[in-house]
Amino acid sequence: MTRPDAVYILGVGLTPVGEHWQTSLRSLALQAIQKAMGEVPSLRPGALYVANMLAPALSGQAHLGSLLSDFAGLRGIEAVTVEAAGASGGLALRQAFLALAAGAHDVVLVVGAEKITDQVGPGLDSALMASGDSDYEGAHGLTPTALAALRMRRYLHESGAPADALSGFSRAAHAHAVANPNALFRKEITGEDYRNAPMISEPVNLYDAAPVADGAAALLLARGAAVRGEHPRPVQVLGVGVATSPVALHELRDPLELSAARLSAERAYETAGVTPDAIGFFEPHDTFTIYAALAVEAAGFAARGQGWKMASEGRIALDGPLPMMTFGGSKARGDSGGATGVYQLAEAALQLQRRADGNQVLEPRLGLTQCLGGTGGTAVTTVLAGA
Amino acid sequence: MVEGSRSSRLLKPSRDVGIVGYGAYIPQYRLPASEVARVWKAGSGGLPIKEKAVPGIDEDVITMSIEAARNALARASVDPSEIRAVWVGSESHPYAVKPTSTVVAEAIGATPHTQAADWEFACKAGTEAVQAAIGFVGSGMARYALSIGMDTAQGRPGDALEYTAGAGGAALLLGPAEESLATFDGSYSYSTDTPDFWRRANERYPEHGERFTGEPAYFKHITAAAESIMESLGTTPADYRYAVFHQPNAKFPQRVAASLGFRPEQIETGLLVSVIGNTYAGSALIGLTAILDVASPGDRVLLVSYGSGAGSDAFSLRVTDRLPGHRGRAASTQDYIRRRTEIDYATYARYRGKLTG
């Protein structure tokens, strides 16, 4: 049964994350949209929310709302692009949620799409660093990896954790990606692999950093009132919280707290009327393992400086007390910039619909997703519930 | 689009053509990949090759082509004045405008009654010249045509290509099948517009699309060319004693060979990249010369080149009874590999003109 005023995810569309050199941005987005719409063919969306951060820089293409809705055969509908770097996907869901909750639309689509691998070298580095503070960070040569390295070094120093403290997040992500047909790296790694990995920006090594690649994911959402008859597996959006903090790392009072993530989680919990202990699984934005550790702490699952123990104690496996990165996360499914937040939501919906096949967590109750823009300047946290 | 029939895709001249003489050339200096890694702080794990050949300070594609051409002529015992084409494929021609081939032709005594031209198609410029020579000789226009693939490849300091961008190549003198050391069963070319690697006019170093140079470029073209020629000729990997694929690093040719169904023993004789580097336009051809140095009459050889941009030329060859009697008349490919003087990065930088103020 659906409640008339509640907001539901009714359909999801996922495409494999990878090097889609033969597929354009619009075609990739179309594949995801068609899959999501195909799950409930009777519903026609009144609006499309596009999550994307890189198309203007890497594809010379802005104005995606019109471009993608027209290409998807939805000519004329309301459409807009939502951009908050890596948090774009969650923020697009937020816009969809508000429109449906306000009654402005009965049915809407969210699509996250990124085309990244057509470019290599400095142009790609610059485009990715647009998520940071250009004047105070990018102009001086800082990169997302270097920023993560600064934080990871401080975290290991303050927490007294061992050098390989964060390897558990990477190992869990890789283990979970094996069964995910849409994952980029479907292979497990060992603790030894992690310890022997090439250093990228000390202490961030190859297995601390998520690969960026092309991808598209879509969600079909509706108000309860628009769901005619019995939909077999509606997933309710119980709460969405959005928060911001300074974009530049040096502006943070405490670099080891993801304050936007904490605020957004608190707002999501409050809207949903739940507490962290009610959450059954968590999809954090693990572009670097340090962010997974900090996200665990920000979402209230561990005390400050203790988040790394979640992974090192094996608590985040699919059969653990709090499964994380259940389809591989950014580390092994692959990170698709502004589309990542939509991947997280689609994967969480599959869990709650019990359609996750080899990735299915046991007894999923509530799912939590969280995506971050840049180093955490924007955070969107969402609480989802199965039927 | 109407696709040509299977048989019409095979390139087959009206009279049979073969290799009447062949010669390799590799400069004597070697730069270990570990030296490049040392200078650029890249660590020692996963080096793409062991070392690469580096030309001396007085060597270039012209001098090296002359060396290889003289070796080819020595094996062929052909009067150079009977050569009607001297074609040099390279991406390191010393001049932008002024042929390499005229200097080579003059030096070996092939002028003036000869065609002369330079070829350009990244790493397959040499085999492109071989395709053309098969047509020149196979049509009866010429009795002999000389095709050379030779490079002193450019790698930007610190770029991934600097480990492998080597120097060397080979010359093939083509002529009538009855005079040949090995004959062509047929050949095939596969080309598409694929921008995986390029060097703009007036630029010193090439650029590349990183991982895009793999699947959609090297592997797609070599696989298509190899499968197409074998299908056209009705052959399988088991019919070939030897195979050589363009060798930009050690991993790519091993992987493409395995995926096509070739065993490691079939490619090891021609797989030289680990000890001389990627010789670009010379890379596939010098693998062939190393094979001809040891092959027996009746052996069949499959050669598939790859040039960025992109395309592959495939050739199916059969060794004749004449090979054993002729191959000892010039230095072998392995002789050149053994002639080795190791240099450090600083010497390499001086020899390759990288210290321009």
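Two residues are taken to be in contact if their C-beta atoms, placed from the backbone, lie within 7 Å. The exercises below use this criterion on a predicted model.

**Exercise 1. Determine how many residues of chain B are in contact with how many residues of chain A, and classify the chain B side.**

Solution. Applying the contact criterion between the two chains gives seven residues of chain B in contact with four residues of chain A. Sorting the side of chain B that touches chain A by class then gives two nonpolar, three polar and two charged residues.

**Exercise 2. Describe how domain 1 and domain 2 of chain A meet, and which element supplies the largest share of the side of domain 1.**

Solution. Begin with the bounds: domain 1 of chain A covers 7–120 + 212–234, while domain 2 covers 127–210 + 236–385. The C-alpha centres of these two domains lie 22 Å apart, and their contact takes 44 residues from domain 1 and 38 residues from domain 2. Next, look for the elements on the side of domain 1 that touches domain 2: strand E1 (7–14), helix H2 (55–59), H4, strand E4 (107–114) and strand E7 (215–223) of chain A each supply at least two residues. The largest share, eight residues, comes from H4(A). Finally, by class, this side of domain 1 of chain A consists of 30 nonpolar, nine polar and five charged residues.

**Exercise 3. Characterise the packing of helix H4 of chain A against helix H13 of chain A.**

Solution. The geometry comes first: H4 (residues 88–101) and H13 (residues 340–352) of chain A pack at an angle of about 65°, and their axes are 5 Å apart. On the H4(A) side the contact is made by Ser88(A), Gly89(A), Gly90(A), Ala92(A) and Leu93(A), and on the H13(A) side by Thr340(A), Gly341(A), Val342(A) and Leu345(A). Divided by class, the residues of this contact are four nonpolar, five polar and no charged.

**Exercise 4. Decide whether Tyr343(A) and Leu67(A) are buried or partly exposed.**

Solution. The step needs a cut-off: a residue is buried if 20 or more other C-beta atoms lie within 10 Å of its own, exposed if 12 or fewer, and partly exposed in between. Tyr343(A), found in helix H13 of chain A, has 31 other C-beta atoms within 10 Å and is therefore buried. Leaving aside neighbours within four places in sequence, Tyr343(A) is in contact with Leu14(A), Gly112(A), Gly215(A), Ala217(A), Arg333(A) and Ser336(A). For one of these partners, Ala217(A), the C-alpha separation from Tyr343(A) is 5.6 Å, although the two are 126 residues apart along the chain. Leu67(A), placed in helix H3 (residues 64–71) of chain A, has 18 C-beta neighbours inside 10 Å, so Leu67(A) counts as partly exposed. The C-alpha atoms of Leu67(A) and Arg26(A), 41 residues apart along the chain, are separated by 7.6 Å.

**Exercise 5. Trace the nine-stranded sheet of chain A and explain why strand E10 of chain A is largely enclosed.**

Solution. The sheet is open, has mixed pairing, and follows the order E3-E2-E4-E7-E1-E8-E11-E10-E9. Strand E3 (78–82) and strand E9 (279–283) of chain A each have a single partner strand, so one side of each is left without a neighbour in the sheet. From one strand to the next the twist averages 25°. Within the sheet, seven bridges join E1(A) to E7(A) in antiparallel fashion, with Gly11(A) opposite Leu220(A).

Turning to E10(A), its pairing with E9(A) is parallel and has four bridges, and Ile279(A) stands opposite Leu366(A). Towards strand E11 (residues 378–385) of chain A, E10(A) pairs in the antiparallel sense over eight bridges, with Gly373(A) opposite Thr378(A). E10(A) and E11(A) form a hairpin with four residues between them, and Gly374(A) in the turn has a positive phi of about 55°.

The burial count completes the reasoning: eight of the eight residues of E10(A) (residues 366–373) are buried, so this strand is largely enclosed by the rest of the structure. Both faces are covered, with Leu366(A), Leu368(A), Gln370(A) and Leu372(A) buried on one side and Gly367(A), Thr369(A), Cys371(A) and Gly373(A) buried on the other.

Technical notes. Residues numbered from 1 in each chain as written. Chains lettered and ligands numbered in written order. Predicted model: local features only at pLDDT ≥ 70, side-chain atom pairs only at ≥ 80, totals over all residues. Axes fitted to C-alpha atoms, helices over the stretch in contact; angles between N-to-C directions. Nonpolar A, V, L, I, M, F, W, Y, C, P; charged D, E, K, R; others polar. Domains from an automatic or database assignment. Pairing = 2+ DSSP bridges.
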